[in-house]
Amino acid sequence: MNAPVDVSFFARTAKPLTSYRKYWAARFGTARFLPTSRAEMEALGWDSCDIVIVTGDAYVDHPSFGMAVIGRMLEAQGFRVGIIAQPDWQSADPFKALGRPNLFFGVTAGNMDSMINRYTADRKIRSDDAYTPGDVGGRRPDRAAIVYSQRCKEAWSDVPIVLGGIEGSLRRIAHYDYWQDKVRRSIVVDAKCDLLLYGNAERAIVEIAHRLAAREPVHKITDVRGTAFVRRETPEGWFEIDSTSVDLPGRVEAHVNPYLMVSEQAKANGATCAKEEEAQAVAAAAEAKGTGARRGEGAAKPLHFVRNPSLREASDPHPAPLPQAQEGASPEGRVRPPPRDRSVIRLPSYEQVRADPVLYAHANRVLHLETNPGNARALVQAHGEGATARDVWINPPPIPLTTAEMDHVFDLPYARSPHPRYADEHGSHDGATKIPAWEMIRFSVNIMRGCFGGCTFCSITEHEGRIIQSRSEDSIIKEVEAIRDSVKGFTGTISDLGGPTANMYRIGCKSPEIEAACRKPSCVYPGICPNLNTSHDPLIKIYRRARALKGIKKILIGSGLRYDLAVQSPEYVKELVQHHVGGYLKIAPEHTEQGPLTKMMKPGIGSYDRFKQMFEKFSAEAGKKQYLIPYFIAAHPGTSDEDMMNLALWLKRNGFRADQVQTFYPSPMATATAMYHTNRNPLRKITRESETVDIVRGDKRRRLHKAFLRYHDANNWPLLREALKKMGRADLIGNGKHHLIPTFQPLTDGGYQSARRKNSTPVALTPVQPAKGRILTQHTGLPPRETGTGRAKLARKGR
């Protein structure tokens, strides 16, 4: 048995999950399923629940479902946990079904944001819900986290509410709301919760539960990492860093300026990511210009400076830097910044970011720079003015789980199936009561968490963080064996060994000190960081060991592959292609043009070409016909009409007919969403004169960009002809091979067949047969393969 190894700097800074003394109710033992009714509670011998979890998903007792992970985690600590799944929110009565919880309500909208779950990128209501029995839509309200919190408060006004899940994570500060097209307040204010837990919340929820069980008032629990809450003023002993303006004069301090990015300083000074070198470089520059800058004499205008709230003078709008900071001067005479663990950055208020898009972009940039658990500082944002003013205080992100803790979480006694209440008359979950999200991950194994890719349109990093948290090899193999031996319907094929990405298992920074100090938004953009360990050897070892197990016929990889990372290990690509691809492999170049790719923080199409060459080479060596399925995004910020035209030409040149098309969906708090709302690029320093971004707004232009991706659909040809003529590219209209669309227009009914069949209208045209000799792909004739992996990533996100 190989022992878990932890090399992360963070493993030394947090109390282990298994070190708490169990609560007295541990004597009741472990439940087969956490109870969802009073009858189930009575069968367990319970007279009450200590904690009641309210969720917008059907209750599936599986480690890919947030309510099951948190529920089992708390059960392992000795607490009695009940589940209220998808309650009728029209009244508070369903929220009283399990009685008054002794400690708190845990509220989550589910594994998906409720608005993204209910609406398409075109703001149309979806007719399905993968997390509901029978794939039925409408079982959860809009903004479910807010609605559920309000109903819990109506049911038992004196019971604390602890809000979690991805919906809360992505709304922890004032955020742009795509559905209302406006900036909304922090969800902490709207939900009136006592505590918000953002990110993967096992560490925070366990500490909070034990402190509430010890009768500590919830309003005094303000020091738990990964939490947000409302407070009226900054407490004594904290140093406040004013970042409410983009042009406020002041002195630049190393480790104080939230704009301080390791990559920028290293590039400018020929240094590494080490924070000591960074501090020296910035402090030297500050020493040369500081006096003049404070007086407004110099050209430099740093963006914020330190204030001590307790020393603030009402008559002085621009107080001098803290005396404490000056008194802590180094032997070289440089000013030392205040301690990071007692520093809080004041963001522009809700009222400011609502009225000023530039300040919104600035706040978004600061927040994303304060996401490394090793150096992040607390953030605070005012909501309201005058007597109603209050601050939303956001503590630094949670400390990542160690390998041993990850094993503990995934080794808990999950039933690995939906609750029996959803079964049909035969006790099965495979008919009309099937839960698609469970079906998709039924035979898959989650081997890691986190993503250091930093793609600006994605919410994984904002939720799970950039530090990869990996399980041990033995824990993974144990779960594969459990699926083989206990999961009904298993035929010998594991549909996925993955996570947010397929190939980041045990990959991280070579130096724990650099990892704890780094503030780069991505480890693989614009190129792979030299400090990143790119070895895929641990992953190769797991693949080989898993497929060698008795009774395992095939191990498929269904998670999205980071191909620019994979090409660093040809041995891994060979292992993947020759043993773990079931016909086709999905990857996501997202675009071919540099304009949108730089705003996405994605590699150039050259990386795709290199991976494609390796894929085809190793497929040929194995004597297999296998195909790559690239995915692309339409209407992403920074994408011009010409960019989409060039992408369409690339697709035609390479013989692709994209059927599964995604239009950019502005999810709350994502960097690309900040671009969409503000027309600014938060990947660079924000000023009043900083670069603007081409934003694709309006239904017509969004339809056009989507039409370029589906250039082969005759329903799109009139729109494309009109656009190409306006762009001066009428030469692409014709009936030759080099033309993008033909001059003739067949009779169509305007139908469109979506990958989500329920959201489609029938297509009248007969599918075009691929030309003789053309390689078949999913887009040119290869039938889809049903593996149960399509929504695996969605089911893993919420905690």
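## A tour from C455 to the cores

Select C455 to start: its relative accessibility is 13%, under the 20% cut-off, so this cysteine counts as buried. Keep in mind as you click around that this is a predicted model.

In the chain, C455 sits in the loop between strand 17 and helix 15 (460-464). Leaving out residues up to four places away in sequence, show what C455 touches: R562, M600 and K602.

Now add C458, which is in the loop between strand 17 and helix 15 as well. Colour C451 along with C455 and C458, since the unreviewed UniProt entry puts a "binding site" feature at these three positions. From this set, C455 and C458 belong to the lining of the second largest cavity.

Next stop: helix 13, residues 403-410. Six of its eight residues are buried, so the rest of the structure largely encloses this helix. Pick out T403, E405, M406, D407, V409 and F410 to see the buried ones. To see what covers them, bring up helix 2 (66-76), helix 7 (202-213) and helix 16 (473-486), then strand 16 (444-446), strand 17 (448-449) and strand 18 (469-470), which are all included in that cover.

Last, the nonpolar cores. The largest has 85 residues, and Y59, F65, L74 and F104 are the ones touching the most other members. Helix 2 is its top contributor, giving seven residues. For the final selection, go to another core that lies apart from that one: it has 78 residues, including V480, V573, F615 and L649.

Methods: Residues numbered from 1 in each chain as written. Predicted model: local features only at pLDDT ≥ 70, side-chain atom pairs only at ≥ 80, totals over all residues. Heavy atoms only, no water. Buried < 20%, exposed > 50% of the residue type's maximum accessible area, 1.4 Å probe, protein only. Helix = DSSP H or I, 4+ residues; strand = E, 2+ residues; numbered from the N terminus. Contact = heavy atoms within 4.5 Å. UniProt positions renumbered as here; feature names shortened; annotations may be inferred. 1 Å grid on protein atoms, 1.4 Å probe; cavity = no way out; pocket = protein on both sides within 12 Å on 5 of 7 lines; lining within 4 Å. Core = buried A, V, L, I, M, F, W, Y, C linked by side-chain atoms within 4.5 Å.
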